[in-house]
Amino acid sequence: MFGHSYYHSAIRKYIIMFGNMFNDIDIQRYNKAGESVQTIRLPIAYGPKEKFLARLREDPSLNKSVSIQLPRLSFEVTEMTYAPDRALNKMQRNTSMGIGANTNRSQFTPVPYDINISLYGMFDNNEDAVQAVEQILPFFRPEWTNSVKLVPEIGDYYDIATVMTGMSIEDTYEADFQSRRAIIYTYNFTVKGYIFGPVSNKGIIKRTVLDLTASSNTSFVKTEGPQSKIHITPGLFANGSPTSNSSASVAASGITSNSDYGYAFDKWDYFDGKNRHNH
């Protein structure tokens, strides 16, 4: 689009990040003496709850070779909305070292989007359900933050907050003794993410020239035109430390984008306007 073809897989990374937060929840089964006799790791998959409930209704006795088992978790992205309150300066760029030593990668600041995700916990008894609830709720007050590298070409990590916005409970049991019961806990979350534009690879500016003009018209002096010239170049000693002395610096061609260089300023003043183009 607009002459660019790219894919940073940011939305996919948000989905993986979200699923990883809930992939290690264990449910304990106890005997009458209160001793743990079974540990069940809650499986989690991406998909709407209706798909799993339909499978449950089609085979309530779970006699078919392929079936779903409770308890389990599923989640899905339900909405994405622009978040203007988190918008950054659109002209600012993020940069990193480019493909070659004399190039830089750059990218405009990302666009903030709130990604609404619903997490569904499906259980066949209330004891399993509340065990999962007590392992989820304490970590969201109301948010949990993950650090994620979203654009490998730039290499920056972003702190992505996942905010819990609410929870509801549903019991699908309808008094039919042949039907299988399913208790559904729905957790609503908002992932405060960013969507990124293309990454460009451009050469490094190693020399800046400024011409300063001073104009005045008095009874004593009349001057017009560039009166000063300033050169700004990277400065680096041979030992790799920065310097502001251009005469002591190595050649600009030997300074790369990831060098720890300083800035060298050279200034020439011309009061008569002559020879100002010699530098």
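Here are some numbered notes on this predicted model, for someone meeting it for the first time.

1. **Ground rules.** This is a predicted model, in which local features need pLDDT of at least 70 and side-chain atom pairs count only at pLDDT 80 or more, while totals for chains, interfaces and linings use all residues. Residues are numbered from 1 along each chain as its sequence is written, and side-chain values use heavy atoms, with hydrogens and water left out.

2. **The overall inventory.** The protein has three helices and 16 strands. Both kinds of element are DSSP runs, numbered from the N terminus: helices are H or I with at least four residues, strands are E with at least two. Of the 279 residues, 36% are buried. The cut-offs here are under 20% relative accessible area for buried, over 50% for exposed, and partly exposed in between (1.4 Å probe, protein chains only).

3. **Surface and contacts.** About 16,900 Å² of the protein is exposed, and carbon and sulfur atoms supply 52% of that. Areas like this come from the Shrake-Rupley method with a 1.4 Å probe; for residues, only the protein chains shown count as cover. As for contacts (heavy atoms within 4.5 Å), take those between residues at least 6 apart in sequence: 64% of them join residues at least 24 apart.

4. **The six-stranded sheet.** A good place to start looking is an open sheet with strand order β3-β4-β7-β10-β9-β8 and mixed pairing. Its edges are β3 (44–46) and β8 (143–149), each of which pairs on one side only. On average, neighbouring strands in this sheet are turned by 30 degrees against each other, direction ignored. Two strands count as paired if DSSP finds at least two bridges between them. In general, strands of a sheet pair through backbone hydrogen bonds, either parallel or antiparallel.

5. **One edge in detail.** How does β3 join β4? The two strands run parallel, with three bridges between β3 and β4 (residues 72–82). If you want a residue to look for, Ile44 has Leu73 in β4 as its bridge partner.

6. **Helices on the sheet.** Helix α1 (residues 10–21) packs on the sheet and touches β3, β4, β7 (111–123), β8, β9 (157–171) and β10 (183–195). The direction of α1 makes about 140 degrees with that of β10. Helix α3 (residues 126–136) also packs on the sheet, touching β7 and β10, and its direction makes about 25 degrees with that of β10. For these angles, axes are lines fitted to C-alpha atoms (for helices, over the stretch in contact), and values run from 0 to 180 degrees between N-to-C directions.

7. **Two backbone details.** Arg141 and Pro142 are joined by a cis peptide bond, with omega at about 0 degrees; Pro142 sits in the loop between α3 and β8. Ser9, in the segment before α1, has a positive phi near 55 degrees although this residue is not glycine. Ser9 counts as buried because its relative accessibility is 15%.

8. **A salt bridge between β1 and β2.** The count of salt bridges (a side-chain nitrogen of Lys or Arg within 4 Å of a carboxyl oxygen of Asp or Glu) comes to four. One of them pairs Asp26 with Arg41, whose closest N and O atoms are 2.3 Å apart. Asp26 is in strand β1 (residues 26–30) and Arg41 in strand β2 (residues 36–41), so this pair ties together parts 15 residues apart in sequence. Asp26 is partly exposed at 22%, and Arg41 is partly exposed at 45%.

9. **A small network.** Which residues are linked in a network of salt bridges? They are Arg86, Asp114 and Lys192. Asp114 meets Arg86 at 2.8 Å, N to O, and both of these residues are buried. Asp114 also meets Lys192, at 4.0 Å. That second pair links distant parts of the chain, 78 residues apart: Asp114 in β7 and Lys192 in β10. Lys192 is partly exposed, at 26%.

10. **A nonpolar patch.** Leu137, Met167 and Ile169 form a nonpolar surface patch, with about 260 Å² of accessible area together. Patches take residues with over 30% relative accessible area and no salt bridge, joining like charges within 9 Å and nonpolar side chains (Val, Leu, Ile, Met, Phe, Trp, Tyr) within 5 Å. Met167 is in strand β9 and counts as partly exposed, at 36% relative accessibility.
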